[in-house]
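Me: Please take a close look at one part of this predicted model, the second largest pocket, and describe its lining. I would then like to hear about the aromatic rings as well.

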Amino acid sequence: MASAATSTGARVLVASNRGPVSYTLDESGDLSARRGGGGLVSGLSAIGPDADAVWVCAALGDGDREAVRRTGGALSPDDTGGQRVRMLDIAADVHADAYNGVANSVLWFIHHMLYQTPLEPVFDGEFRRQWASYEAYNRAFAEALAEEAGEGASVLVQDYHLVLVPRMLRELRPDLRIGHFSHTPWAPPEYFRLLPDDIAAQVLSGILGADRAAFLTQRWADAFTECCHAVLGPGIPSGTRIGVHGLGADADFLRGRAHETDVDERIAALREQIGTAPDGSPRKTVVRVDRTELSKNIVRGLLAYRHLLETRPQWRERVVHVAFAYPSRQDLAVYRDYTAEVQRVADEINSQYATPGWTPVVLHVQDDFARSLASYRLADVALVNPIRDGMNLVAKEVPVVSDAGCALVLSREAGAFEELGEDAVVVNPYDIIGTADALHTALTLPEDERAERSKRLAAAATALPPAKWFLDQLHALEG
């Protein structure tokens, strides 16, 4: 049954699992709000306060759920930076099934091609139960958007958590202009079809409920189209338009933030940890900043660095791998195991090669944005070697912030390769020896060449900053 537009409904709506604000509840029962950042926050700010926009998101924890209970889900603009936000209190068990059971353990694994296929996936009765929760979670978003949207409004639905929303919303509100944006890669048909046939069709048909489906690179857009042809038959049956918007780095914000006092303090601390070579010259730095996400390929990066030290002893005591591996999704056992393996391999390298004045791997696992920016500024080489990645903003951020210009060692399987590959040292992410050779090449680039490459990388990285990225999608949908 279609929902009617409200007379005071929003003109622009964004839907995403995570919203622009999160709440914590202390022991005395007081709520405190913490604002987030990112492309969507920048984008909604860019359209201005008179745009009549609303953001629909899910309550992610006890603090969020308490905030919804106290406000009815319409959050205080004081907490959200002036944005209208509707937060949905989806039952915690339904959200857990949808978010961890399906989105992060199935759809993420499909698009990043992470399964060990002799043993997984197993699509059994438990999966079907979780899929029903995923449907319910998507339906809650569709119904909330239908209630909040004004006549003919534009709705931008985000990512793999909400692939069923466009079709559900189209059935409720045929008057709306609906877009869906995928922030992940898209699997090729032969891998996508690991999904049960009816589920694969439902995922594709869900997105095809949108007027426009957009992706970070042409490669992912083409893969989606190929999946539609393979699963649903030739052509895009709904007439959905396909678009590409490669999210870039926010140069003004990064450069400003990277020169604040706390970053300068972190630089001093890192320089002390890095130390100097036996001849008194500065040590080179290979920097990586990632979450311990399976697709980020941190362990193989460490193994490549170890191979560099094994086969090119001239680098011993002359280079330090500054590796920030911030724990991710630790409620899933496979992620906890992976995080432990990162720590184990780093410890093994240090045990094998460290000297009294040199720690080969400086590993930090406590998230610290100021320290990440400090490492960006110090980087001689940035190592970005994901198995697969929708874009990878770190690859774009380091050249923008690096003080002296850095070399970029980049996986050909990162979305950023499409824009940055020409000036990067490109690697096959599975090839340890090839990655070690690439690290050597990057470390030995002449300074003038490194600076020139870094300048071109920074220009390409900032071509579509977050606010413009969002506005381009909105204008393409409305056009």
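Reply: Helix H4 provides the largest share of the lining of the second largest pocket, namely 4 residues. The space in this pocket amounts to about 630 Å³. Its lining comprises 26 residues, and those closest to the pocket centre are Phe 109, Leu 114, Tyr 115, Glu 120 and Val 334. Two or more lining residues come from each of helix H4 (92–112), helix H5 (125–148), helix H12 (298–311) and helix H13 (333–353). Sorted by class, the lining of the second largest pocket holds 17 nonpolar, 5 polar and 4 charged residues.

Turning to the aromatic rings, the predicted model has a count of 14 aromatic pairs. One of these joins Phe 215 and Phe 224 in a tilted arrangement, with 5.2 Å from centre to centre and 40° between the planes. The pair counts as tilted because its angle of 40° is neither under 30 degrees, as stacked planes would be, nor over 60, as edge-to-face planes would be. Phe 215 has a relative accessible area of 0% and is therefore buried; Phe 224 likewise counts as buried, at 0% relative accessibility. The cut-off for that term is under 20% relative accessible area.

Ring pairs also link Phe 123, Phe 127, Trp 131, Tyr 134, Tyr 137 and Phe 141 into a cluster. A further ring, that of Phe 324, has the charged end of Arg 371 over it, at 5.1 Å from the ring centre.

Methods. Residues are numbered from 1 along each chain as its sequence is written. This is a predicted model: local features need pLDDT of at least 70, side-chain atom pairs count only at pLDDT 80 or more; totals for chains, interfaces and linings use all residues. Side-chain values use heavy atoms; hydrogens and water are left out. Rings of Phe, Tyr and Trp (its six-membered ring) pair if their centres lie within 6.5 Å; planes under 30 degrees apart count as stacked, over 60 as edge-to-face and the rest as tilted. Buried means under 20% relative accessible area, exposed over 50%, partly exposed in between (1.4 Å probe, protein chains only). A charge sits over a ring if NZ of Lys or CZ of Arg is within 6 Å of the ring centre and within 35 degrees of the ring normal. On a 1 Å grid over the protein atoms alone, a cavity is a set of points where a 1.4 Å probe fits but cannot get out, and a pocket is an open set with protein on both sides within 12 Å along at least five of seven lines; lining residues have an atom within 4 Å of a point. Grid points are joined across faces, edges and corners, and a volume is the space filled by probe spheres set on the points. Ala, Val, Leu, Ile, Met, Phe, Trp, Tyr, Cys and Pro count as nonpolar, Asp, Glu, Lys and Arg as charged, and the others, Gly among them, as polar.
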